[in-house]
Each structure stands twice: as structure tokens, then as C-alpha cells.
Amino acid sequence: MLAKEPAYGYDLRARMREALGPLGDAMNAGQIYVALARLAKAGLVTSEHDEGLPDRPDRRVYALTPAGQQRVAGWLTEVSWPKPDLAEFHLKLVAAAAGRLADPVSLVDAQRREVLRRVRDAQRAALDRSVDPVAGLLLEGVVLRLRADLEWLEACERTWASRAGHAES
Amino acid sequence: MALRAHGLTKRYGSHNTLVRAVDEVDLEAPTGQTLAIMGASGCGKSTLLHLLGGLQRPTDGQVWLGENRVDTMSERALARLRRDDVGFVFQSFHLMDELTAVENIELAALLAGRSPGRARKRALYLLDRVGLADRAMHLPSALSGGQRQRVAIARALSNEPLVVLADEPTGNLDTAATLEVLRLFDELHAAGQTLVVVTHDARIAAVADRVIAMRDGAFADDNRLVGTVYDGRR
């Protein structure tokens with residue numbers, strides 16, 4: 001957000017909220033200043049306070065340092081892709097079954113309810129006609145990922161339910 | 001209660017080949033609620049919808065639509081019920097290719113005995129309601145998938161049904177068209193229409209009061225899932 005031009009903290013916050021759409025509503029006011037302070041410490045951002053205004057974080061103009069600009073350029077070309085941690089849930093099912101600690105299928109059911117709740121919230125936000133199409137893209141991505149999770153949970157359910165069936169017979 | 005079922009069961013085959021497509025399902029859909037029944041393909045959800053709408057007869061159990069018991073009705077009464085009290089929406093739209101959008105919608109009203117003038121008026125009103133007033137004279141082939149499904153939904157509403165039953169209504173639609181159909185369902189819901197949707201598309205959760213998971217012909221674990229009421233939206 002800073003790469004465009006130097007800006008006040010509250011400008012950056014407004015830009016972030018616009019880009020994130022409904023998902024940006026969860027962002028609190030202080031977060032941006034915490035992030036800016038951390039970036040300044042790392043030498044990626046510098047700031048100076050406007051003449052004639054009291055020296056408070058929200059009255060300072062922030063800008064990228066040359067190192068910061070380099071970091072942005074590097075970030076744009078990175079192809080890392082954060083992955084949801086399926087292994088932990090998978091191990092939970094294995095452990096529950098092996099130790100007879102819980103019914104894996106009921107764990108899957110509980111997880112599905114949680115994922116479905118998230119799908120509902122994200123899709124509900126996407127239904128709002130006032131959502132900007134660019135921010136809507138983010139919601140679409142969130143929903144698509146969650147639907148993939150649900151598909152996987154379905155596969156988990158099938159396998160664990162049939163195992164339980166074998167164990168009983 | 002718009003729709004009720006008790007011990008609803010549909011079996012195919014016998015002995016070794018016995019398949020319980022629907023296995024002792026209890027269901028209550030209060031007037032004005034949107035109910036979503038989700039499950040993998042083959043879990044019996046389409047059969048359940050057919051039993052609820054009088055398209056198939058159950059092997060066992062009872063179905064009531066409003067005050068009328070459906071499962072014991074004569075064929076003649078059943079045909080009238082399907083025409084007047086139930087609106088069906090299908091995955092592949094099932095529009096008549098040679099009829100325009102408005103004709104597809106008014107056909108249902110004409111069959112129910114409305115005058116041509118009233119049927120046309122109602123059809124045009126419904127087209128406007130689904131946002132397709134300017135497509136009245138288009139053939140289905142000139143409409144996008146999402147528009148076709150909206151025409152099909154308008155047709156389902158033609159005779160002011162007690163309940164609209166939808167089978168994978170977003171199954172053939174892309175993201176944008178799905179969004180339009182979900183918005184339409186949401187508007188119907190706000191207008192007090194009772195809606196039962198069977199689907200594997202979790203996005204339906206955005207507009208449903210309740211989401212029930214179905215597995216092997218039965219509601220998967222009544223205690224946990226039938227009680228899962230996603231009513232945070234109201």
C-alpha cells in the first residue's frame with residue numbers, strides 16, 4: 001500500500017480496507033501502526049512528522065526506504081503459497097481412532113460444521129451487491145478453498161465410516 | 001408447517017440387492033424457512049426431494065404438504081398437487097426450448113386454468129421479479145445458464161406454491177450465475193417463500209436457515225446435524 005506513494009497511517013488503513021472489502025472490517029485501528037513500527041525497525045520504512053502538527057503516529061507521513069522498495073519488488077515475484085494445515089487434522093483422526101479416544105466421523109462432522117459456517121459467512125458477504133468486484137475476488141477465493149476443504153472432509157468421512165463398519169462386522 | 005415427513009423410506013430391489021435410497025427420514029420445514037439438505041452424490045437426496053414433491057411414492061412413511069397427506073393421494077390428486085402446490089427447480093432447468101421465457105412461465109398458470117390474460121400478466125410480473133423483464137421474448141437458447149435458471153425459478157413460482165423444491169439448482173452454473181441464483185433465493189426467503197434445496201454446493205449455506213447433512217439415505221446423525229441451525233442471519 002505504501003509502494004504507491006508516501007502516506008499517513010490512516011490513509012494506508014483506508015487503502016487496506018478498500019482492498020480487503022468485507023474481510024477488512026475485522027482489522028483494528030492500531031494494527032497498521034504496529035506493522036509500520038516493525039517495518040521501521042527493520043529499516044524498510046521511514047517516517048517524518050508534518051510541520052505544525054502534533055507528533056503522533058497518525059500525524060506522521062510514512063514512506064518506503066530503498067531497502068523497502070527492494071523488498072516489495074522481491075515480494076511481488078515470490079511464488080510461496082500458504083497452505084492450510086491438513087496434516088494436523090488428519091493426525092487427529094488417526095489418533096482418535098487408534099487410541100479409541102473419539103469417533104473420527106463425529107470429529108469430521110464437527111469440523112464440517114465449522115467450515116460450513118465459514119463458507120456461509122464468506123458467501124453471505126459476497127452476495128452483497130455493494131461489494132466491490134476486486135474485493136469480491138478475495139471472497140470468491142476464500143469460498144473456493146473452503147469448498148475444497150469440505151470435499152476433503154467428505155473423503156475423510158467415507159474412509160473412516162467404512163473402517164468403523166469393518167471393525168463392527 | 002409447510003412440509004412434513006415422518007419415517008420416510010424408499011427402498012429399491014430386494015434381499016441381496018436391497019438399496020435403501022431414503023431410510024426413515026423425519027423432516028419438518030416450517031413456512032417461510034429455507035432448508036438445505038447436503039450430501040455427496042448417491043446419498044439419496046434427490047430421491048428424498050422426489051418423495052417430498054409427490055414425484056415418487058415412498059415405500060414407507062408419510063408426507064404432508066400443508067394439510068394434505070401426499071403419500072396416499074390418488075394419481076389425479078397428486079398431479080394437481082404437483083401443479084398447484086409445489087414449484088420444482090432442476091439442475092438442467094427443463095425449459096421448453098421452443099417457447100419464449102414468458103411463455104415457459106405462463107404455461108404453468110395456463111395449465112392450472114388461469115385465463116391467458118392473467119397468466120401473461122403473472123408471468124411478466126415474475127420475470128421482472130427475477131430481473132429478466134427485458135428477456136421476455138427470448139428463447140432459452142438465447143439466454144445464459146444463469147438466466148435460464150432464473151426463468152425456471154420464475155416458472156416454479158407461477159402458481160404461488162406452498163413450497164419450492166430445488167434439486168442442485170446451481171449445479172450447472174458458473175460463479176457469477178450462482179451468485180445471482182443465491183441472491184434470488186435470498187429475496188424469495190425474505191418474501192416468506194418456503195424453500196427446500198438439495199445440493200452438494202456448500203454455498204447454499206449463505207441463504208439457508210438450516211443445513212442438514214445426509215449420508216446413506218438418512219440424515220447423518222440427527223442429534224448433531226439436524227440441530228445445526230444456521231440462523232445467525234436473522
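What follows is an exchange about how several descriptions of this predicted model are justified.

Me: Why is F93(B) called buried?
Reply: A residue counts as buried when 20 or more other C-beta atoms lie within 10 Å of its own. F93(B) has 21 C-beta neighbours inside 10 Å, and therefore counts as buried. This residue lies in the loop between β6 and α3 (101-111) of chain B.

Me: What makes the phi of F93(B) worth a remark?
Reply: Most residues other than glycine have a negative phi. F93(B) is not a glycine, and yet its phi is positive, at about 70°.

Me: Which class, buried or exposed, fits E168(B), and how do you know?
Reply: The cut-off for buried is 20 or more other C-beta atoms within 10 Å, whereas exposed requires 12 or fewer. With 21 C-beta neighbours inside 10 Å, E168(B) is therefore placed among the buried residues. E168(B) is found in the loop between β7 (163-167) and α6 (175-190) of chain B, and although it is not a glycine, its phi is positive, at about 50°.

Me: Why are β6 and β10 of chain B said to stand at the edges?
Reply: The open sheet in chain B has 6 strands with mixed pairing, in the order β6-β7-β8-β3-β9-β10. β6 (86-89) and β10 (218-219) of chain B each have a single partner strand, so one side of each is left without a neighbour in the sheet.

Me: What makes β3 and β9 of chain B a pair, and in which sense do they run?
Reply: Two strands pair if at least two bridges are found between them. Strand β3 (residues 34-38) and strand β9 (residues 210-215) of chain B are joined over 4 bridges, and therefore satisfy that condition, pairing in the parallel sense. Within this part of the sheet, M38(B) has A213(B) in β9(B) as its bridge partner.

Me: How do you know which element gives the most to the side of chain A that touches chain B?
Reply: The contact takes 16 residues from chain A and 19 residues from chain B. On the chain A side, the elements that give two or more residues are α5 (104-127) and α6 (133-168), and α5(A) gives the most, with 11 residues. By class, that side of chain A has 6 nonpolar, 1 polar and 9 charged residues.

Me: What is in contact between domain 1 and domain 2 of chain A?
Reply: Chain A is divided into domain 1 (7-77) and domain 2 (86-168), whose centres, taken over C-alpha atoms, are separated by 35 Å. In the contact, 5 residues of domain 1 of chain A meet 7 residues of domain 2 of chain A, and the domain 1 side divides into 4 nonpolar, 1 polar and no charged residues.

Terms used
Residues numbered from 1 in each chain as written. Chains lettered and ligands numbered in written order. Predicted model: local features only at pLDDT ≥ 70, side-chain atom pairs only at ≥ 80, totals over all residues. Domains from an automatic or database assignment. Contact = placed C-beta atoms within 7 Å. Nonpolar A, V, L, I, M, F, W, Y, C, P; charged D, E, K, R; others polar.
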